[in-house]
Amino acid sequence: MITVPTAVAALKRNYPGIRVSIEVDFSETLLSKMRERKFDIVIARLHQAAGLEAFEFEELDDSPHGIAVRADHPLLCKRALTLRDLVQQTWILPPPGNVMRDGVTALFLRKRVPLPHSVVETAALPIMVNLLARSDMVAPLASELIEPYRVYGLLAALPLAFDVRLGSAGIVTPRDRRHSPAAQVALDALRQAAQQRDGRARRR
């Protein structure tokens with residue numbers, strides 16, 4: 001989400017010597033790595049109930065999602081596109097139990113549309129992007145993740161309302177760990193960026 005680059009830019013302006021490492025992945029993977037002490041802070045959704053008591057969670061506004069395709073996908077030219085038009089497409093989806101996978105399944109059920117039969121399962125975002133760019137596959141992604149690839153002419157979002165209900169993401173930190181000075185200033189930068197984003201959203 002846009003909160004992260006805003007926070008990192010401010011952090012590096014104020015503390016140029018801090019080393020920042022950013023990894024983009026699905027919530028389950030990020031939370032698992034936090035349990036393994038590989039991350040100090042993640043932005044994720046708390047979907048699975050087991051072990052959540054180990055985390056502190058500060059809710060952020062939910063980000064919209066869309067259905068990503070390659071920039072010259074034939075469905076981009078189809079008029080009055082509906083979810084039923086995508087049943088025969090190959091979908092790239094995270095494994096069952098992932099919040100996005102469950103959200104897509106619930107969307108098809110709510111719309112009373114048959115579930116896609118052709119599915120490629122992966123939780124690796126780089127693989128998803130490469131598959132989209134090289135084929136007619138489709139994949140649900142956060143709009144803010146699609147946008148940089150759209151700018152460079154690699155991906156696009158289908159002109160279709162994607163009413164998937166994932167719940168809000170949030171800033172997640174370990175409950176049982178004291179923040180290092182670097183982690184604390186990074187956390188403060190994220191909170192400030194989130195407040196700025198919320199303020200802009202309310203003024204619209």
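These legends go with a set of close-up views of one predicted model.

**View 1. The whole chain, six helices and eight strands.** Before zooming in, here is the overall layout of the predicted model. Reading along the sequence, you meet the elements in the pattern α-α-β-β-β-β-α-β-α-β-α-β-β-α. The C-alpha atoms fill a box of roughly 50 × 35 × 35 Å along the principal axes. A compact globule of 204 residues would have a radius of gyration near 17 Å, and the protein chain comes in at 18 Å, which agrees. Of the 204 residues, 40% count as buried. The chain exposes about 11,600 Å², with carbon and sulfur atoms supplying 52% of that area. As for who touches whom, take the contacts between residues at least 6 apart in sequence: 74% of these join residues at least 24 apart.

**View 2. The open sheet with the order S6-S3-S7.** Three strands make up this sheet, and the pairing is antiparallel. At the edges sit strand S6 (139–142) and strand S7 (155–157), each pairing on one side only. Neighbouring strands here are turned by 50 degrees against each other on average, direction ignored. Helix H4 (residues 125–133) packs on the sheet and touches S3, S6 and S7. The direction of H4 makes about 125 degrees with that of S6.

**View 3. A closer look at strand S3 and its two partners.** Strand S3 covers residues 65–70 and pairs with S6 over four antiparallel bridges. Alanine 68 is a handy place to look, with alanine 139 as its bridge partner in S6. Towards S7, S3 makes three bridges, again in the antiparallel sense. On that side, arginine 70 stands opposite leucine 155 in S7. How many of the six residues of S3 are buried? Six of the six are, so S3 is largely enclosed by the rest of the structure.

**View 4. The open sheet with the order S1-S8-S2.** This one is also a three-strand sheet with antiparallel pairing. Strand S1 (42–44) and strand S2 (55–59) stand at the edges with a single partner strand each, so one side of each is left without a neighbour in the sheet. On average, neighbouring strands of this sheet are turned by 35 degrees against each other, direction ignored. Five bridges join S2 to strand S8 (residues 170–174), and the two run antiparallel. To find your way along that pairing, look for phenylalanine 55, which stands opposite proline 174 in S8. Helix H2 (residues 27–35) lies across S1, S2 and S8, running at about 145 degrees to S1.

**View 5. The aromatic pair of tryptophan 91 and phenylalanine 108.** The count for the model comes to one aromatic pair. The ring centres of tryptophan 91 and phenylalanine 108 are 5.4 Å apart and the planes sit at 75 degrees, so the pair is edge-to-face. Where in the chain do the two residues come from? Tryptophan 91 belongs to strand S4 (residues 91–93) and phenylalanine 108 to helix H3 (residues 99–110), so to speak distant parts of the chain, 17 residues apart. Tryptophan 91 is buried, and phenylalanine 108 is too.

**View 6. Two loop residues with positive phi, arginine 37 and alanine 80.** Arginine 37 has a phi of about 65 degrees although it is not a glycine. Look for arginine 37 in the loop between H2 and S1. Is arginine 37 buried or exposed? With a relative accessible area of 54%, arginine 37 is exposed. Alanine 80, likewise not a glycine, has a positive phi of about 50 degrees. Alanine 80 lies in the loop between S3 and S4, and at 71% relative accessibility it counts as exposed.

**View 7. Alanine 9 in helix H1.** Helix H1 spans residues 3–14, and alanine 9 is found in it. Alanine 9 is partly exposed, with a relative accessible area of 37%. For a sense of scale, alanine 9 and alanine 54 are 45 residues apart in sequence and 29 Å apart in space, C-alpha to C-alpha.

Definitions and conventions
Residues numbered from 1 in each chain as written. Predicted model: local features only at pLDDT ≥ 70, side-chain atom pairs only at ≥ 80, totals over all residues. Heavy atoms only, no water. Pairing = 2+ DSSP bridges. Axes fitted to C-alpha atoms, helices over the stretch in contact; angles between N-to-C directions. Contact = heavy atoms within 4.5 Å. Rg over C-alpha atoms; globule rule 2.2 N^0.38 Å. Buried < 20%, exposed > 50% of the residue type's maximum accessible area, 1.4 Å probe, protein only. Areas by Shrake-Rupley, 256 points an atom, 1.4 Å probe, with all protein chains shown as cover. Phe/Tyr/Trp six-rings, centres within 6.5 Å; stacked < 30°, edge-to-face > 60°.
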